[in-house]
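This report describes a single protein model, from its overall dimensions down to individual residues. Please read it alongside the sequence and coordinates shown here.

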Amino acid sequence: MKRRIFIAFLCASGVLSRLLADAPPTKPNILILLTDDQRWDAMGCAGNRIVQTPEMDRLAREGTMFVNAFVTSSICAASRASIFTGQYERAHRCNFNTGILRRAQLEQSYPMLLRRAGYHTGFIGKYGVGDGKREIEGTEVFDRWFGFYGQGLYFPKTHPGKHLNAVMVEQARDFLDGAPAGKPWCLSISFKAPHSGKGYLGYETEPDLQQLYANATIPAPPTAKQEYFDSLPEFLRRCNARTSYWEQRFNTPEQYQAVMRDYYRLITGADRAIGRIREELARRGLAQNTVILFLSDNGDMMGDYMLGGKELLHDVSIRVPLIVHDPRAPSSARGQRRAELALNIDIAPTALDLAGAPVPAMMQGRSLAPLARGERVAWREDFFCENNFCVPTQYYPMIEGVRTARWKYIRYTDVQPVHEQLFNLDADANEITDLARANEHASTLADLRRRCDELRGGSGNADTPVREAGQTRVSGPRRPNIILIMADDLGYNDLSCQGATKLKTPGIDRLAKEGVRLTDAHTPAGLCCPTRYGVLTGRYPWRRPQTCWASPGAALLIEPGRMTTASLLKQAGYTTGIVGKWHLGFGTPQQRVDWNGELKPGPLEVGFDYFFGDVSNRWGAYVENHRIVGVKPDDPIRFEAQKLVSGKSAFTMKHEENARVLHEKAVAFIERNKDKPFYLHYVPNNIHTPLTPNAKFAGTSQAGKYGDFVHELDWSVGELLATLDRLKLTGNTLVIFTSDNGGVYEREGFRAGHRSCAPFNGQKGDVWEGGNCVPFLARWPGRIAAGTTSARLLCLTDMLATFAALTGQTLPADAGPDSFNALPALFGKEQPDGARTNLVVQARSASVFRHRKDEDLWAVRDGNWKLVMGQGSGYSTEKTERAPYLKFAQVGMVNSDFTPDGQLKPDAPPGQLYDLASDPGETKNLYREHPDIVARLTKLFEQLRDAKRSRP
């Protein structure tokens with residue numbers, strides 16, 4: 001009764017109506033930001049280390065960045081019409097030479113539909129889809145109109161002395177001032193930046209930015225070389241992209257630098273304007289209910305292939321930035337990078353979906369909103385793209401094609417015969433090698449040709465609207481499955497394909513016979529825990545201070561939000577799983593692990609969909625996903641003084657059965673996910689001590705239990721490969737086999753004549769080569785040449801960048817700071833610029849975990865030279881008393897700093913320098929003979945350490 005009286009009072013007094021009027025709208029405001037001619041890679045968050053885009057980077061950091069975003073037409077007018085209508089150019093037929101948007105299309109565009117759904121709409125900037133004379137006026141499309149037709153001016157006559165970027169910020173404030181209270185709004189801001197202004201060189205920047213980048217040297221694109229221009233078909237060598245744009249903008253190095261600096265200044269100016277608009281939203285209390293969609297209308301060729309302009313269908317033209325910033329999204333979705341093929345035709349349906357308005361059937365795009373919320377959605381696997389722009393006095397080729405995650409098919413329809421191109425984007429991201437006339441790719445060419453016809457709306461030159469790309473799959477090869485097998489403590493010489501004679505590894509050797517074997521592969525550390533961190537994150541483990549070893553009860557070592565191989569591949573549409581030894585902690589430093597509850601954060605919070613395995617090193621209980629397997633309410637797990645006093649019913653692990661249990665879980669994961677791309681991170685405990693091979697492998701080697709344990713590991717790998725054969729997955733699965741650190745010199749195996757780490761000095765934990773130079777085998781039939789070897793330098797931190805390249809993704813600037821793309825090495829391709837040439841390794845784990853700083857010991861590698869930043873091996877071989885490791889003298893190692901009985905000589909140099917080309921065993925310390933090299937490598941190490949990253 002009292003509540004009713006109170007409500008009646010509010011109504012009578014008018015208070016309730018005022019409260020409702022002032023309450024925020026239930027529907028979000030929508031801000032659509034469009035730049036003009038901004039390449040996908042012209043942002044810091046896309047990996048560009050020169051251009052300054054802190055606001056775009058913040059949008060990506062707080063929202064969802066679509067790393068595979070494209071326009072379906074690479075000309076401004078066509079692309080902008082696609083953004084308005086959600087249609088391909090072939091459906092809306094709007095381009096500079098083919099006509100404007102018709103009234104019926106405008107009626108079904110997102111601004112008109114949002115108006116009918118109760119939104120207040122506005123437009124600022126370059127309209128770009130008509131000339132303002134033959135079309136409906138913008139004021140009839142939008143409630144508030146601040147736009148202009150044509151290209152416009154960077155210093156508009158209507159605002160003397162003001163740059164257009166600043167004018168647009170003022171207009172945004174004016175729009176917000178006039179927005180009706182309590183009513184949701186949609187504001188479209190279409191920047192002119194960074195499009196050229198007057199003529200081909202008219203990049204007119206804001207006065208206070210004219211000295212920005214003055215001292216920067218902007219690198220030319222990798223394809224800006226005569227050889228790549230010469231490889232183009234003759235008609236492209238004489239198109240307008242060459243005769244006008246390139247000759248006007250990039251004909252000399254000086255012109256290139258001048259244009260690129262102004263181009264970047266305009267981008268930074270637009271970025272600053274975005275920041276000021278967001279500040280205004282925050283000041284007005286609107287930020288938390290405003291969704292921001294940011295993209296560009298197309299890319300631009302800035303000297304790529306010695307061309308300019310944007311009218312081709314290469315990725316530099318059609319790939320664009322695209323970010324969805326939704327402050328209402330769950331925290332787990334913020335900062336995510338999705339690899340789905342996102343398109344400009346998706347903007348209109350996304351805006352309507354956000355507003356809760358129906359999406360008309362004529363729209364061919366799809367809403368990105370579910371992806372921005374972190375949901376897994378069945379998505380397109382390809383899309384149609386085209387360019388129908390032509391000018392009578394200039395030559396622009398007529399082009400159409402189809403792009404998948406892996407392949408690009410292009411055909412030029414205005415030449416006879418029709419010219420086709422085919423690019424394998426996995427191996428050739430720069431689209432250099434045309435495979436259209438390669439016999440081995442004839443079936444892929446035929447599949448994509450048919451798919452292009454289908455998406456276009458029929459064969460030949462039919463001018464009918466295309467269907468939504470992705471309704472039918474290309475019948476060609478899909479993205480490869482990925483299996484990364486990382487053994488535990490397996491040494492360089494523990495495989496028969498590496499030279500072992502006292503044991504046989506036919507299962508693992510099969511990978512070497514059918515793939516490539518890398519002979520200079522390294523772990524970032526000599527111990528398992530830091531290496532596992534480095535493999536998953538692409539980051540040297542010594543960059544991350546930590547207070548404890550990842551023993552049971554330790555907190556998760558991988559920082560929240562840090563990209564991992566699992567999260568990278570998950571955003572590319574892979575199902576991800578890890579089976580085996582985790583050893584990276586659970587929970588947080590503030591929250592102790594509850595062994596009877598959910599163990600989180602853990603593997604599932606860093607990108608894995610499934611986990612089954614061991615907390616550390618055969619702790620005794622298995623964990624599946626978030627819980628320990630077999631915990632009983634009437635027998636909870638409880639420890640006193642680190643001793644298990646209850647819960648023993650969950651500790652069912654039998655060491656001799658552990659390999660079989662993990663193997664069966666790995667096989668089951670493959671079988672469950674055989675029909676979709678999957679990533680299996682398989683990390684068996686073999687051959688870490690204690691040496692406990694199953695009875696069926698006892699006595700099968702000539703190296704004691706050590707060799708028998710290797711045989712058990714080999715059985716598991718061989719059976720996994722047989723599973724791929726049985727499921728017909730072999731041809732489309734990349735399998736990588738390696739180890740988390742070097743092996744150990746164990747008494748029984750050593751006495752039998754087995755040399756786990758030969759031909760190197762050192763063993764597990766050491767900074768010498770025996771501690772970190774490990775086997776590395778990779779097989780992908782048809783892609784990796786069988787029976788090959790490579791001496792390219794590799795670190796296991798390179799897996800993140802390699803998988804990114806494999807799936808067509810670009811690592812964000814803050815991900816994988818020490819990860820390099822190793823695909824060229826695996827594929828036997830020429831080593832590109834920016835490949836790995838140096839390496840930092842650490843002994844032990846003290847430099848990561850910080851509780852024994854006296855044990856810190858690093859080594860830096862550059863080419864064949866290796867500098868150890870101190871004396872000795874750093875761990876197992878030379879100092880630490882650890883059974884069953886044999887020491888320096890027991891193994892018979894030779895090093896010029898040590899006496900034969902393993903004592904460091906009093907006059908030994910303070911550091912160590914080795915030439916690994918002539919002395920791979922590190923027997924002769926050249927520290928005093930080459931002070932210049934010592935100084936150079938010391939400086940290199942300090943640079944890599946202080947820069948906080950080693951990749952470009």
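The text below covers the whole chain, then one helix, then two residues.

**Overall form**

The model is predicted. The protein contains 29 helices and 30 strands. Its C-alpha trace spans about 95 × 85 × 55 Å along the principal axes. For 952 residues, a compact globule would have a radius of gyration near 30 Å, and the protein has 31 Å, so the value agrees with that expectation.

Of the 952 residues, 62% are buried. Among contacts with a separation of 6 or more, 71% are between residues 24 or more positions apart. The protein exposes about 35500 Å², and 52% of this area is supplied by carbon and sulfur atoms. There are 118 positive and 107 negative charges, and the mean positions of the two sets are 4 Å apart.

**Helix α9**

Helix α9 comprises residues 164–178. At 1.5 Å a residue, its 15 residues should span 21 Å; the end C-alpha atoms are 21 Å apart, so the helix agrees with the expected span. Which residues of α9 are buried? They are Leu164, Asn165, Val167, Met168, Val169, Gln171, Ala172, Phe175 and Leu176. The cover over the buried residues of α9 includes the strands β3 (120–126), β4 (144–148) and β5 (185–190), together with α13 (253–283).

**Two residues: Val841 and Arg449**

Val841 is part of strand β27, which runs over residues 838–842. With a relative accessibility of 3%, Val841 falls under the 20% cut-off and therefore counts as buried. Beyond its neighbours within four places in sequence, Val841 contacts Thr523, Pro524, Val767, Asn772, Leu857, Trp858 and Ala859.

Arg449 belongs to helix α17, residues 442–456. Its relative accessibility is 30%, which lies between the 20% and 50% cut-offs, so Arg449 counts as partly exposed. Leaving out residues up to four places away in sequence, Arg449 touches Tyr409, Arg411 and Glu420.

For each of these residues, the table gives a C-alpha separation to a residue elsewhere in the chain.

| Residue pair | Separation along the chain | C-alpha distance |
|---|---|---|
| Val841 and Val868 | 27 residues | 9.3 Å |
| Arg449 and Tyr409 | 40 residues | 7.4 Å |

Tyr409 thus appears twice for Arg449: as a residue that Arg449 touches, and as the partner whose C-alpha atom is 7.4 Å from that of Arg449.

Methods
Residues numbered from 1 in each chain as written. Predicted model: local features only at pLDDT ≥ 70, side-chain atom pairs only at ≥ 80, totals over all residues. Heavy atoms only, no water. Helix = DSSP H or I, 4+ residues; strand = E, 2+ residues; numbered from the N terminus. Expected span 1.5 Å × (residues − 1). Buried < 20%, exposed > 50% of the residue type's maximum accessible area, 1.4 Å probe, protein only. Contact = heavy atoms within 4.5 Å. Rg over C-alpha atoms; globule rule 2.2 N^0.38 Å. Areas by Shrake-Rupley, 256 points an atom, 1.4 Å probe, with all protein chains shown as cover. Lys, Arg positive; Asp, Glu negative; His and termini not counted. Charge placed at Lys NZ, Arg CZ, Asp CG, Glu CD.
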